[in-house]
Amino acid sequence: LKGGGTLVFPVGTYYVKPSATNYVNCSWANNITLSGNNATIAIAPDTVEYKQLFLISGHGLTIENFTFDSNIDNTQMRVPVSSEDATTEDMKDQRRQRIIEIPDFAEKVVLRNLKFNNCGTQTVYYKGLNGLIENCTFNFVTPTNPQEEDITQGTSYINWYDVSTLFMVGKDTTVRDVRFISDNDNFVPNTAIEAHVTDCTFDNIYVDGYIKGCLLYTSDAADE
């Protein structure tokens, strides 16, 4: 598949166990489509904490037609540490619980027809160029019965939760027909989209249950 093609996942639920160092590395995935055919990728019950599920640095990768489920009530994971409450950088990294991370200005990455049930500090970290995020739903979910230490360890867990569900740095990327939904009164998420971008388009964005919908910045970092 290194030269292009489509990898189709049959309908079903696939359990995976990421960690701080174990994840799906898509650095090889140039001009590849990962098609879920409505399959679900869920975090395995014995997962404790993780940084990201997918790490993408290849160009021209499309991920479409999946549900990503953090399975938060059936795992050993705790509420991710926000930047305010992390005592060390390693602690913050190990519990970010990102589903997709694109760290190196990958080009023409497309995220289409995806559903995320997740409570990570950044469900999608998108540092890309000439990309597309289309027809995706982000459901902010947290444990039904959170551990006491998660509730009391910092102010961000008492009234609001320091999160940017979609964090973007980049250029010439379109985000359209995307929904951000939360109905959680215990952990109210802060920001749906935080974007440090130039020449990007945002169209038909729906936000419900967040403190802030979109934080948009024009950033020199987008031209790196």
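Visitor: Is Asp46 buried, partly exposed or exposed, and at what relative accessibility?
Guide: In this predicted model, a residue counts as buried under 20% relative accessible area and as exposed over 50%, with partly exposed in between. Asp46 falls in the middle class, because its relative accessibility is 39%. The answer is therefore partly exposed, at 39%.

Visitor: With which residue does the side chain of Asp46 meet in a salt bridge?
Guide: The partner is a lysine that is itself partly exposed, with a relative accessible area of 44%. The N to O distance of the pair is 3.4 Å, and the cut-off for a salt bridge is 4 Å. The residue that meets Asp46 is Lys17.

Visitor: How many residues apart in sequence are the parts that Lys17 and Asp46 tie together?
Guide: The side chains of Lys17 and Asp46 form a salt bridge. Lys17 lies in the loop between strand E2 (13–16) and strand E3 (24–25), while Asp46 lies in the loop between strand E4 (32–43) and strand E5 (52–55). The pair therefore ties together parts whose separation in sequence is 29 residues.

Visitor: Which residue forms a salt bridge with Glu101?
Guide: Both members of this pair are buried. Their closest N and O atoms are 3.1 Å apart. The partner of Glu101 is Arg98.

Visitor: Which strands hold Arg112 and Glu134?
Guide: The side chains of Arg112 and Glu134 meet in a salt bridge with an N to O distance of 3.2 Å. This pair links distant parts of the chain, 22 residues apart. Arg112 is in strand E8 (residues 110–118), and Glu134 is in strand E10 (residues 132–140).

Visitor: Which residues do salt bridges with shared partners join into one network?
Guide: Two of the members are Arg112 and Glu134. Arg112 is partly exposed at 25% relative accessible area, whereas Glu134 is buried at 16%. The network consists of Glu64, Arg112, Glu134 and Arg176.

Visitor: How many salt bridges does the structure hold?
Guide: Among them are the pairs Lys17 with Asp46, Glu101 with Arg98, and Arg112 with Glu134. The total for the structure is 5.

Visitor: The backbone oxygen of which residue does the side chain of Asn118 reach?
Guide: Asn118 lies in strand E8 and is buried, with a relative accessible area of 2%. Its contacts, not counting residues up to four places away in sequence, include Tyr50, Ser70, Ile99 and Asn139. At 3.1 Å, the side chain of Asn118 reaches the backbone oxygen of Gln97.

How values were computed. Residues are numbered from 1 along each chain as its sequence is written. This is a predicted model: local features need pLDDT of at least 70, side-chain atom pairs count only at pLDDT 80 or more; totals for chains, interfaces and linings use all residues. Side-chain values use heavy atoms; hydrogens and water are left out. Helices (H or I, at least four residues) and strands (E, at least two) are DSSP runs, numbered from the N terminus. Buried means under 20% relative accessible area, exposed over 50%, partly exposed in between (1.4 Å probe, protein chains only). A polar contact is a pair of N or O atoms within 3.5 Å; within protein, one must be able to donate a hydrogen and the other to accept it, and residues adjacent in sequence count only if both atoms are side-chain atoms. Contact means heavy atoms within 4.5 Å.
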